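Work through the exercises below with the sequence and the structure in view. Each task is followed by a solution in steps.

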Amino acid sequence: MSESVIVLCPGQGSQAVGMGRAWADASDAARKTIEAADAILAGQLGAPLSALCFDGPAETLNRTDVSQPAIYICSIAAWRGMAELGGEPLDLKATAGLSLGEYTALHLAGVLGFEEGLRLVTLRGRAMQDAAEATPGGMLALIGCDEEQANDVCQKAREDGVLVCANFNAPGQVVLSGDADAIERAQGAAKDAGLRATPLPVAGAFHSPLMEPAADRLAEALAGAPINAEVLAACPVYSNVTAKPHEHDADSIRRRLAEQLTHPVRWAQGCQNLLADLAAGGQGGGTSWHELAPGKSLAGMMKRIDRSVSVAIHDAP
């Protein structure tokens with residue numbers, strides 16, 4: 001009998017040199033997944049994706065246009081490796097992914113094909129990198145605050161610039177995003193409010209209006225992407241934008257994925273809604289939770305969202 005699972009898919013920031021190597025060494029299915037990605041993206045990244053994942057260098061792997069396809073591929077390799085090494089299929093009850101990870105989640109559910117998803121996340125990463133280089137910006141993590149406090153910091157520091165809440169990762173953790181000057185002012189405003197503020201090592205102001213050029217490019221690519229929305233009846237995928245399951249409608253999914261670049265990621269609320277939906281359906285106690293490679297950041301966030309949920313980490317077999 002197959003195991004019923006909930007799967008969480010990591011986003012940008014989880015990458016690390018060496019990612020995916022242990023899965024490729026342990027599982028034929030994982031290795032073939034990574035080799036397939038090398039063939040699909042041949043010549044596009046300056047080096048094979050597998051080499052960048054396994055050997056770096058870190059400064060290249062950390063680039064937005066490289067880290068996004070790298071994380072997508074390593075997560076799928078881990079998922080296929082888990083099924084192969086476990087000796088039986090995994091029954092996916094629901095899934096969610098943080099920002100980029102939403103594409104992985106949609107692939108696992110059968111909404112996006114493997115190659116289509118890879119090409120979309122590669123274009124997404126390149127478009128975000130280009131938008132970041134066109135308008136200098138950044139992101140700032142606020143620790144120990146709620147949404148109201150974060151919005152207050154934005155209002156005090158925004159002036160005539162761009163500054164918005166970009167990520168609601170867990171209770172007490174909100175990430176701001178905006179132009180470079182506004183981010184600098186926000187550090188002072190956060191300190192005045194008694195909040196701890198940490199600048200994030202990212203290329204630009206992701207999940208803010210400054211990503212509008214990237215969202216437009218992505219929307220154009222999504223318009224021609226095959227989307228199988230019918231499978232969502234069997235396996236819901238939770239949207240970062242709405243914090244609710246994606247609608248069973250291909251055009252709605254396309255809109256949400258484009259909106260995601262300029263709207264806040266409501267990860268904590270999405271996980272809370274997923275838990276509530278499982279409980280309402282009588283499935284809360286009959287499933288196990290898993291975070292795919294690379295990293296373990298989502299398991300850490302879940303401890304702050306709901307300590308009763310234990311998330312198994314699969315950074316390696």
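**Exercise 1. The largest cavity**

Task: find the volume of the largest cavity in this predicted model, and say which helix gives the most to its lining.

Solution.
- Step 1. The volume of the largest cavity is about 40 Å³.
- Step 2. The structure holds one cavity of 30 Å³ or more.
- Step 3. The lining is made up of Ala96, Tyr238, Ser239, Asn240, Ala243, Arg266, Trp267, Gly270 and Cys271.
- Step 4. Helix α12, residues 267-280, gives the most to this lining, with three residues.

**Exercise 2. Positive phi values**

Task: describe the backbone and the surroundings of Ala243, then do so for Glu159. State for each residue whether it is buried or exposed.

Solution.
- Step 1. Most residues other than glycine have a negative phi.
- Step 2. Ala243 has a positive phi, near 65 degrees. Its place is the loop between β7 (237-238) and α11 (250-259).
- Step 3. Residues under 20% relative accessible area count as buried. Ala243 has a value of 0%, so Ala243 is buried. Ala243 is also one of the residues that line the largest cavity.
- Step 4. Glu159 has a positive phi as well, near 50 degrees. Glu159 lies in the loop between α8 and β4.
- Step 5. Residues over 50% count as exposed. The relative accessible area of Glu159 is 58%, so Glu159 is exposed.

**Exercise 3. Helix α8**

Task: check the length of helix α8 against the expected span. Then work out which residues of α8 are buried, which are exposed, and what the buried ones pack against.

Solution.
- Step 1. Helix α8 has 12 residues, 147-158, and at 1.5 Å a residue these should span 16 Å. The C-alpha atoms at its ends are 16 Å apart, so the expected span and the model agree.
- Step 2. Ala150, Val153, Cys154 and Ala157 are buried in α8.
- Step 3. Viewed down the axis of α8, the buried residues fall within an arc of 100 degrees, so they line one face of the helix.
- Step 4. Glu148, Gln155 and Lys156 are exposed on the other side of α8.
- Step 5. The partners of the buried residues are β3 (137-143), β4 (163-170), β5 (173-179) and α9 (180-192).
- Step 6. At the start of α8, the backbone nitrogen of Glu148 has a side-chain oxygen of Asp146 within 3.2 Å. Glu159, with its positive phi, follows the helix.

**Exercise 4. Cys165**

Task: which residues does Cys165 touch, leaving out those up to four places away in sequence?

Solution.
- Step 1. Cys165 is part of strand β4.
- Step 2. The relative accessible area of Cys165 is 8%, so Cys165 is buried.
- Step 3. Cys165 touches Ala150, Asn151, Cys154, Val174, Val175, Leu176, His207 and Pro264. Ala150 and Cys154 are among the buried residues of α8.
- Step 4. Val175 is 10 residues from Cys165 in sequence, and their C-alpha atoms are 6.0 Å apart.

**Exercise 5. Cis peptide bonds**

Task: locate the cis peptide bonds that lead to Pro57 and Pro294.

Solution.
- Step 1. Most peptide bonds are trans.
- Step 2. The bond from Gly56 to Pro57 is cis, with omega near 10 degrees. Pro57 lies in the loop between α3 (49-55) and α4 (58-61).
- Step 3. The bond from Ala293 to Pro294 is also cis, and its omega is near 0 degrees. Pro294 sits in the loop between β8 (288-292) and α13.

**Exercise 6. The largest pocket**

Task: how much space lies in the largest pocket, and which residues are the closest to its centre?

Solution.
- Step 1. The largest pocket holds about 600 Å³ of space.
- Step 2. It is lined by 26 residues, of which Gln12, Gly13, Met139, Leu200 and Val202 are the closest to its centre.
- Step 3. At least two lining residues come from each of α7 (114-134), β3, β4, β5 and α13 (297-305).
- Step 4. β3 gives the most to the lining of the largest pocket, with three residues.

**Exercise 7. Ser50**

Task: is Ser50 buried or exposed, and what is in contact with Ser50 beyond its neighbours within four places in sequence?

Solution.
- Step 1. Ser50 belongs to helix α3.
- Step 2. Its relative accessible area is 15%, so Ser50 is buried.
- Step 3. Ser50 is in contact with Ile34 and Asp38.

Notes
Residues are numbered from 1 along each chain as its sequence is written. This is a predicted model: local features need pLDDT of at least 70, side-chain atom pairs count only at pLDDT 80 or more; totals for chains, interfaces and linings use all residues. Side-chain values use heavy atoms; hydrogens and water are left out. Helices (H or I, at least four residues) and strands (E, at least two) are DSSP runs, numbered from the N terminus. The expected span of a helix is 1.5 Å times one less than its number of residues. Buried means under 20% relative accessible area, exposed over 50%, partly exposed in between (1.4 Å probe, protein chains only). The arc is that of the directions from the helix axis to the C-beta atoms. Contact means heavy atoms within 4.5 Å. A polar contact is a pair of N or O atoms within 3.5 Å; within protein, one must be able to donate a hydrogen and the other to accept it, and residues adjacent in sequence count only if both atoms are side-chain atoms. On a 1 Å grid over the protein atoms alone, a cavity is a set of points where a 1.4 Å probe fits but cannot get out, and a pocket is an open set with protein on both sides within 12 Å along at least five of seven lines; lining residues have an atom within 4 Å of a point. Grid points are joined across faces, edges and corners, and a volume is the space filled by probe spheres set on the points.
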